[in-house]
Amino acid sequence: MEEQLCPFHVKELKENQQLLSECANFTAVAGQYHLITSQTLDGIAQRINSVAGTNLSIEGTHQYMRDIQVFKQLNLDPYSKSGVFSSTQRAKDYYDHATKGQLGMIKNKLNGTAQEIDWLRFKQGKLSSLFTKSELIGGNAPGVDGETINRLTGNTISRTTVKAAESTVGLGTNVSDVLKALEKGTLDPKDVLTGIEGTKDAVHKALTKNIEKALQNGNHSYADKLKQAQEHLKIQELNNTEGVKQSTKRLTDKISGGKGHSTVTLQEAAKKTAQGAVIGAAVGLTVSSITNYMKFKNGEITEDEAFREVGQETLKGALVGGSMTAMTLFIPGGPVGFIAGMGIGIYLNKTVTNILDEVYGKGAYAEILHTSGYIYGMAVSLEDSLKKIRKDEQNIRSNRRTIKVKSDQIEKNFDAFDLVMKGKM
């Protein structure tokens with residue numbers, strides 16, 4: 001049974017056409033973020049290879065650009081003096097001859113810097129980035145990794161400290177660091193903490209425990225800071241331990257393979273295309289994504305809940321565009337696409353197309369999406385396309401066999417006719 005929009009949401013969409021554009025933007029941003037932070041493209045690669053019998057190397061535009069940002073940030077901040085990441089060869093040479101301690105430091109920096117870049121891209125991809133600007137501070141402010149400012153006034157809206165971990169032990173270390181930063185005053189109780197999955201629960205448990213401990217020891221000043229943090233500290237959760245491990249392994253492999261680029265090179269992009277690499281992605285505007293966005297607009301779920309649900313929904317039908325003709329690469333325009341640097345677009349399946357035709361009239365949704373700056377398209381899944389191609393090939397082979405049988409029969413008939421004409425039968 002096909003999904004349907006509830007009548008109330010249909011009514012809202014009819015009355016306010018801008019809602020469809022907003023939903024498309026929200027879906028694209030959520031899809032972009034989830035494609036970056038998950039390793040979904042690896043799964044897509046495996047599916048393509050298993051169905052098509054190919055051996056494509058897969059790297060999405062977002063993942064490719066994200067990794068470049070990580071290496072660039074390493075060159076700008078922790079390794080700026082040594083210049084380790086100023087070139088791919090220098091990074092490779094350093095890694096190949098690094099001591100055990102240096103390798104451990106690289107791993108820690110890859111964990112933390114990648115999480116910082118994911119936070120930055122998350123902030124840049126939000127619709128609020130039209131009037132706010134987020135940036136990484138680097139080592140200039142102890143305890144603070146990034147800040148968000150008002151584009152118009154230049155005033156600081158929020159400061160953020162970013163933590164990453166590959167294990168529960170690392171998560172525990174992060175929590176201890178947060179408590180120490182609060183005690184030293186390098187982290188303000190009203191700041192924002194961005195960590196991995198499980199950070200929020202772990203921090204609140206630690207705050208409760210240490211408030212009691214501080215009061216027992218008569219350290220009321222520290223207890224007051226912890227109480228303020230318990231009340232005001234905003235905690236965001238990006239990535240999880242497995243995602244951090246996979247990210248660090250991919251980045252490490254790039255360094256050791258001489259591919260730790262800190263800038264985009266045309267040669268590298270051309271090389272990827274020549275190798276059959278699939279770069280670029282499109283996400284689907286589904287019934288579920290529209291429904292979740294409308295629920296968010298109506299206050300039924302939070303922005304974070306909608307962001308998560310819509311993002312996860314896009315992963316189910318993520319399309320990767322590149323050298324295979326069965327797929328299409330979409331690039332959106334518009335202010336959000338420009339600010340976030342997205343190479344991502346919107347595609348519609350038959351169900352959504354039928355629904356939007358009923359809401360706006362046949363084909364009218366196309367103009368709405370076009371006006372909001374999107375290049376959109378119709379698409380079917382790669383697997384369905386390949387299965388159809390295979391089925392067509394089987395039909396062709398079957399028809400060829402039938403034709404050959406008929407051809408052989410015709411040849412026999414001609415031979416028999418020839419004998420009759422020669423009076424030999």
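Visitor: What makes the link between the side chains of Gln 236 and Thr 194 a polar contact?

Guide: The model here is predicted. In it, 2.9 Å separates the two side chains at this link. The cut-off for a pair of N or O atoms is within 3.5 Å, so 2.9 Å qualifies.

Visitor: Which other residues is Gln 236 in contact with, leaving aside its neighbours within four places in sequence?

Guide: Besides Thr 194, the list holds Trp 119, Phe 122, Val 192, Leu 193 and Gly 195. Each has heavy atoms within 4.5 Å of Gln 236, so each counts as a contact. Take Val 192: its C-alpha lies 7.5 Å from that of Gln 236, yet 44 residues separate the two in sequence.

Visitor: Where does Gln 236 sit, and why is it called partly exposed?

Guide: Its place is strand S5, residues 234–237. Its relative accessibility is 22%. Buried means under 20% and exposed means over 50%. The value falls in between, so Gln 236 is partly exposed.

Visitor: Why is helix H12 described as largely enclosed by the rest of the structure?

Guide: Count its residues. H12 spans 287–297, and eight of the eleven are buried, so the helix is largely enclosed. The eight are Val 287, Ser 288, Ser 289, Ile 290, Thr 291, Asn 292, Tyr 293 and Met 294. Just after H12 comes Gly 299, with a positive phi of about 80°.

Visitor: What makes the largest nonpolar core a core, and which members touch the most others?

Guide: Its members are buried nonpolar residues joined through side-chain atoms within 4.5 Å, so they form one set. There are 48 of them. Leu 13, Leu 20, Phe 85, Ile 290, Tyr 360 and Tyr 365 touch the most other members. Ile 290 is also one of the buried residues of H12. Leu 20 is in contact, beyond its sequence neighbours within four places, with Leu 13, Leu 285, Leu 356, Tyr 360, Tyr 365, Ile 368 and Leu 369. Apart from this core lies another, of 18 residues, including Leu 179, Ala 181, Leu 207 and Ile 235.

Visitor: How do you know that there are cavities, and how many does the search find?

Guide: A cavity is space where a 1.4 Å probe fits but cannot get out. The search of the whole structure finds two of 30 Å³ or more. The largest holds about 40 Å³, so it passes that cut-off.

Visitor: Which element gives the most to the lining of the largest cavity?

Guide: H6 does, with four residues. Helix H10 (241–256) also gives two or more. By class, four lining residues are nonpolar, five polar and one charged. Arg 66 is in the lining, and Arg counts as charged, so Arg 66 is that one.

Visitor: What lines the second largest cavity?

Guide: Lys 163, Leu 171, Asn 174, Val 175, Val 178, Leu 193, Thr 199 and Val 203. Four of these lining residues come from H7, the largest share. The classes are five nonpolar, two polar and one charged. Lys counts as charged, so Lys 163 fills the charged place.

Visitor: What is the volume of the second largest pocket, and which residues lie nearest its centre?

Guide: Its volume is about 600 Å³. A pocket is an open set of points, whereas a probe in a cavity cannot get out. The lining has 22 residues, with Asn 108, Lys 109, Gly 112, Thr 113 and Glu 116 nearest the centre. H6 (100–125) and H7 (168–184) each give two or more of the lining residues. H6 has the largest share, seven residues. The classes are four nonpolar, ten polar and eight charged.

Note on methods. Residues are numbered from 1 along each chain as its sequence is written. This is a predicted model: local features need pLDDT of at least 70, side-chain atom pairs count only at pLDDT 80 or more; totals for chains, interfaces and linings use all residues. Side-chain values use heavy atoms; hydrogens and water are left out. Buried means under 20% relative accessible area, exposed over 50%, partly exposed in between (1.4 Å probe, protein chains only). A polar contact is a pair of N or O atoms within 3.5 Å; within protein, one must be able to donate a hydrogen and the other to accept it, and residues adjacent in sequence count only if both atoms are side-chain atoms. On a 1 Å grid over the protein atoms alone, a cavity is a set of points where a 1.4 Å probe fits but cannot get out, and a pocket is an open set with protein on both sides within 12 Å along at least five of seven lines; lining residues have an atom within 4 Å of a point.
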